[in-house]
Amino acid sequence: MSLGKKERRITISVGLIVGVTISTMLVKHALDVKEEQTAQKPGHYNSLESAAGKADFPPLPVSIKKAIPNGIVVYYEENRTSLSVPEGKAVNCWVIETQGSFRSERLFVLAEEGNDEDGGIVFFRAAEIYAKLRPGHEEDTLGDFLDEQKYRVIGENSFTAEQIVQVRNLSPNDLAQSLLFLNSLPMVESARFSPWIPSR
């Protein structure tokens, strides 16, 4: 017994609807499982454990989550001397890798809690330190003093004429040592972290 034209159309339509529904449910389930697994990985905001060093961190302040919605906490240090203000106030700090579709969209951000007047979060580019050279010194002079395994001069800030030094070791302790080291070089007048402003 063969199906008529109308019955064939109905059968095909029902088959398509059932197939699409099942496919959608399977994809949704797979995404839910992946999201749950990701949430447990070190560095994910919900894991409360940094990706490097496996340091426990408290739930992130809302302002960090808002500024960097899908980041990875690479490092966390509690109650440490501020890396960005000379007074050396004790702060909590995170080094967070921002997420992007492309590698070039990813960025390491240093977030410090409580080092401004209202105790809010202040953000800096963690992988870059700006070095102002003393008059008469060139970029090549600075490069001669840097360990290529740790530092690299990647350019000059066109507004401030400071050299941009890329730092490879990004733990808060390493960043503090890098800042001290660059400030100690004879051709460097001052070194600082560059502020990072979250996109709106």
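Which residues make the nonpolar surface patch of about 450 Å²? The patch is made by Ile10, Val14, Val18, Ile22 and Leu26, and it is described here, like everything below, from a predicted model. Besides this patch, the briefing covers the aromatic pairs, of which a search of the whole structure finds five, and the surroundings of two further residues, Glu128 in strand S4 and Ala161 in the loop between strand S5 and strand S6.

**The surface patch**

- Ile22, one of the residues that make the nonpolar patch, has its place in helix H1.
- With a relative accessible area of 45%, Ile22 counts as partly exposed, because that class lies between the limits of 20% for buried and 50% for exposed.

**Aromatic pair of Phe57 and Tyr76**

- Among the five aromatic pairs found in the whole structure is the one formed by Phe57 and Tyr76, which is tilted, with 6.2 Å centre to centre and 55 degrees between the planes.
- Phe57 lies in the loop between helix H1 (5–40) and helix H2 (62–67), while Tyr76 lies in strand S1 (residues 72–81), so the pair ties together parts that are 19 residues apart in sequence.
- Phe57 is buried, with a relative accessible area of 4%, and Tyr76 is likewise buried, with a relative accessible area of 7%.
- Phe57 and Tyr76 also belong, together with Trp94, to one aromatic cluster.

**Aromatic pair of Phe124 and Phe193**

- The rings of Phe124 and Phe193 have their centres 6.4 Å apart and their planes at 55 degrees, so this pair, too, is tilted.
- Because Phe124 lies in strand S4 and Phe193 in strand S7 (residues 188–195), the pair ties together parts that are 69 residues apart in sequence.
- Both members of the pair, Phe124 and Phe193, are buried.

**Glu128 and its contacts**

- Glu128 has its place in strand S4, which covers residues 121–133, and strand S4 is also where Phe124 lies.
- Glu128 is buried, with a relative accessible area of 16%, a value that falls in this class because buried means under 20%.
- When its neighbours within four places in sequence are left aside, Glu128 is in contact with Ile154, Ile164, Val165, Phe193 and Ser194.

**Ala161 and its loop**

- Ala161 lies in the loop between strand S5 (151–156) and strand S6 (163–167), where it is partly exposed, with a relative accessible area of 47%.
- Ala161 and Tyr130 are 31 residues apart in sequence, and their C-alpha to C-alpha distance in space is 9.4 Å.

Methods. Residues are numbered from 1 along each chain as its sequence is written. This is a predicted model: local features need pLDDT of at least 70, side-chain atom pairs count only at pLDDT 80 or more; totals for chains, interfaces and linings use all residues. Side-chain values use heavy atoms; hydrogens and water are left out. Helices (H or I, at least four residues) and strands (E, at least two) are DSSP runs, numbered from the N terminus. Buried means under 20% relative accessible area, exposed over 50%, partly exposed in between (1.4 Å probe, protein chains only). Contact means heavy atoms within 4.5 Å. Rings of Phe, Tyr and Trp (its six-membered ring) pair if their centres lie within 6.5 Å; planes under 30 degrees apart count as stacked, over 60 as edge-to-face and the rest as tilted. Patches are made of residues with over 30% relative accessible area and no salt bridge: like charges are joined within 9 Å, nonpolar side chains (Val, Leu, Ile, Met, Phe, Trp, Tyr) within 5 Å. Accessible areas come from the Shrake-Rupley method with a 1.4 Å probe; for residues, only the protein chains shown count as cover. A salt bridge is a side-chain nitrogen of Lys or Arg within 4 Å of a carboxyl oxygen of Asp or Glu.
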